[in-house]
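Colleague: I've got this model open and I'd like to learn how to read it. Could you walk me through it feature by feature?

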Amino acid sequence: MTTRIVELRRGILKKNDELAAGLRRRFGDAGVLVLNLVSSPGTGKTAFLEITLRELRARGAKVAALVGDLETDNDARRLAASGAPVRQINTHGICHLDAEMIGKHLAGWDGVTSGDDASLAGLEYLFIENVGNLVCPSSYDLGEKIRVALLSVTEGEDKPLKYPTLFNSADAAVITKMDIAEPCGFDRELALRNINEIRPGIRIFETSAKTGVGMQEWLEYLAEARA
Amino acid sequence: MHELSIVASIVDAVTETAAAYPGARVKEVRLRVGALASVVEDSLQFCWEITVEGTPLEGSKLVVNTLPVVAHCETCGKDGELESLQSFRCPHCGEPVNDLRQGRELEIESIEIDEVEEAV
C-alpha cells in the first residue's frame, strides 16, 4: 500500500462557472444587458422590477425577465402584467438560481427556435429575479453583467454587515420602500455607510416602487450600463 | 445552506479523479475555502458523512483550509489580509479596498489516496 497525494486544484463550482461564462458571451454577442437581482424574501424585488419593466417599456425598450422562486408562478404573473415577456423558474426547494437553470429557460425565448442566439436578438435588458435569499445566490454566477443587492428600509441598516459575502459581490445596491423610511425609523446615513463599508464606492439607489422616487436615476444608470 | 449540493459536486469530482487509480482508497480530501465563499465548515462536515456513505469515498476525511480575504490597496499599493468582513479597508493605511486577491476560493486542492500494489 502506498500513499499518494493527487493535486486537483479544481473549482467546486467549475461547471456553473463555465456555463455562466458561456451565457455571458452569449448575452454580450446578443447585446443584452443582464442583471441579477438578489435580496432577502420580502424586500420588494418584484415590486421594484414591476415598475422597472413598466418604465423601460414606456420608453420603448425591449425588456424581459426571468423570476426564480421555490414554488408558484405568482411573481411571473405580476411581472407579465407589464407586457414584457416573463418566465418563472421554480427551483422546488433549491435556495438559489444557477447558470444551468438560466440556460434552460432561455431556450425558445420569444417563440424563436431554441438554443441559438436568435432567441435573444433584439432584447435590450434581461432581468433575473433570484430566489429570496442573501446567502447562497452569492456563490452562483448567472452570467450577469450587473449584480444588484436590494435592501428595504424595514430590514435594518446593518444587513450589509450581516451578509458581507453578497453585498461585497454586488455591482449596485438598491434601497427599497423609501416611502416608509420615516415611520420605520430608518437611519439612512447609517445604511449608506454600512453598504460602503462592505462595498466601497458602490452605486446606491434609494427607491420606492410606490411613489416612483429614485427610479429616474436607476433608469439612467441602466441606460448608461447598456451603452 | 447549499452545502449539500457543494458536497455532492466534490464527491463527483473526487470519484472521477480516483477512478484513475483502480482499487485505491480515498483517505483525505482537502479543500481551499475563502472567507467570502458563503460556505460553513461545520455544515460541510455534516453533509460529508451522509454523502460519502456507500461511495468510494466512504470513511474519508474532509479537511477544510480556510483562507482569509486578501485585498490589494490602490492607495498604498500593498496587499493585506482584512481584519474582519465588517469593513473592507486596507489593514495598512485604512483606505477602502475593492480589489480582492483572495477570499472567494471554493476549490478541491488535493486528495490523499492509498494505492493498492499491483498484483503480479
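Colleague: Let's start with the domains of chain B. How many Å separate the centres of domain 1 and domain 2 of chain B?

Modeller: Keep in mind that this is a predicted model. The centres of the two domains of chain B, taken over C-alpha atoms, are separated by 31 Å. As for where the bounds fall, the domain assignment puts 1-68 + 103-120 in domain 1 and 69-102 in domain 2 of chain B.

Colleague: And how many residues of each are in contact?

Modeller: Eight residues of domain 1 of chain B are in contact with seven residues of domain 2 of chain B. On the domain 1 side, you'll find four nonpolar, two polar and two charged residues.

Colleague: Fine. Now chains A and B: how do I read the place where they touch?

Modeller: Start with the counts, then ask which elements supply the residues. Here, 28 residues of chain A are in contact with 29 residues of chain B. On the chain A side, the elements giving two or more residues are strand E1 (2-11), helix H6 (164-169) and helix H7 (188-198).

Colleague: Which of those gives the most?

Modeller: E1(A) does, with 10 residues. By chemistry, the side of chain A that touches chain B splits into 13 nonpolar, nine polar and six charged residues.

Colleague: What does E1(A) pair with in chain B?

Modeller: Its partner is strand E6 (residues 106-115) of chain B, and the two pair in the antiparallel sense over eight bridges. If you want a spot to click on, A:Arg4 stands opposite B:Ile113 in E6(B).

Colleague: Let's move inside chain A. How do I read a strand that sits under cover?

Modeller: Look at which way the side chains point. In a regular strand they alternate between the two faces of the sheet. Take strand E5 (residues 125-129) of chain A, which is mostly covered, with five of its five residues buried. A:Tyr125, A:Phe127 and A:Glu129 point one way, while A:Leu126 and A:Ile128 point the other way, and all are buried.

Colleague: Which strands are joined to E5(A) by five bridges?

Modeller: Strand E2 (residues 33-38) of chain A runs parallel to E5(A), with five bridges between them. Strand E3 (residues 63-69) of chain A is also parallel to E5(A), again through five bridges. Find A:Phe127 in E5(A) and you can see both pairings: A:Leu35 stands opposite A:Phe127, and so does A:Ala65.

Colleague: Can you show me how to read a single loop residue?

Modeller: Try A:Ala61, which is found in the loop between helix H2 (45-58) and E3 of chain A.

Colleague: Why does A:Ala61 count as partly exposed?

Modeller: You count C-beta neighbours inside 10 Å. A:Ala61 has 18 of them, so this residue counts as partly exposed; being buried would take 20 or more. Leaving aside neighbours within four places in sequence, A:Ala61 is in contact with A:Leu56, A:Glu124 and A:Tyr125. That last residue, A:Tyr125, is one of the buried ones in E5(A). The C-alpha atoms of A:Ala61 and A:Gly122 are separated by 9.7 Å, although the two are 61 residues apart along the chain.

Colleague: Last one: how do I judge chain A as a whole?

Modeller: Compare its radius of gyration with that of a compact globule. With 227 residues, such a globule would come to near 17 Å, and chain A has 18 Å, which agrees. Its secondary structure comes to eight helices and eight strands, and 45% of its residues count as buried.

Key: Residues are numbered from 1 along each chain as its sequence is written. Chains are lettered from A and ligands numbered from 1 in the order in which they are written. This is a predicted model: local features need pLDDT of at least 70, side-chain atom pairs count only at pLDDT 80 or more; totals for chains, interfaces and linings use all residues. Two residues are in contact if their C-beta atoms, placed from the backbone, lie within 7 Å. Helices (H or I, at least four residues) and strands (E, at least two) are DSSP runs, numbered from the N terminus. Ala, Val, Leu, Ile, Met, Phe, Trp, Tyr, Cys and Pro count as nonpolar, Asp, Glu, Lys and Arg as charged, and the others, Gly among them, as polar. Two strands pair if DSSP finds at least two bridges between them. Domain bounds come from an automatic or database domain assignment. A residue is buried if 20 or more other C-beta atoms lie within 10 Å of its own, exposed if 12 or fewer, and partly exposed in between; C-beta atoms are placed from the backbone. The radius of gyration is taken over C-alpha atoms; the globule rule is 2.2 Å times the number of residues to the power 0.38.
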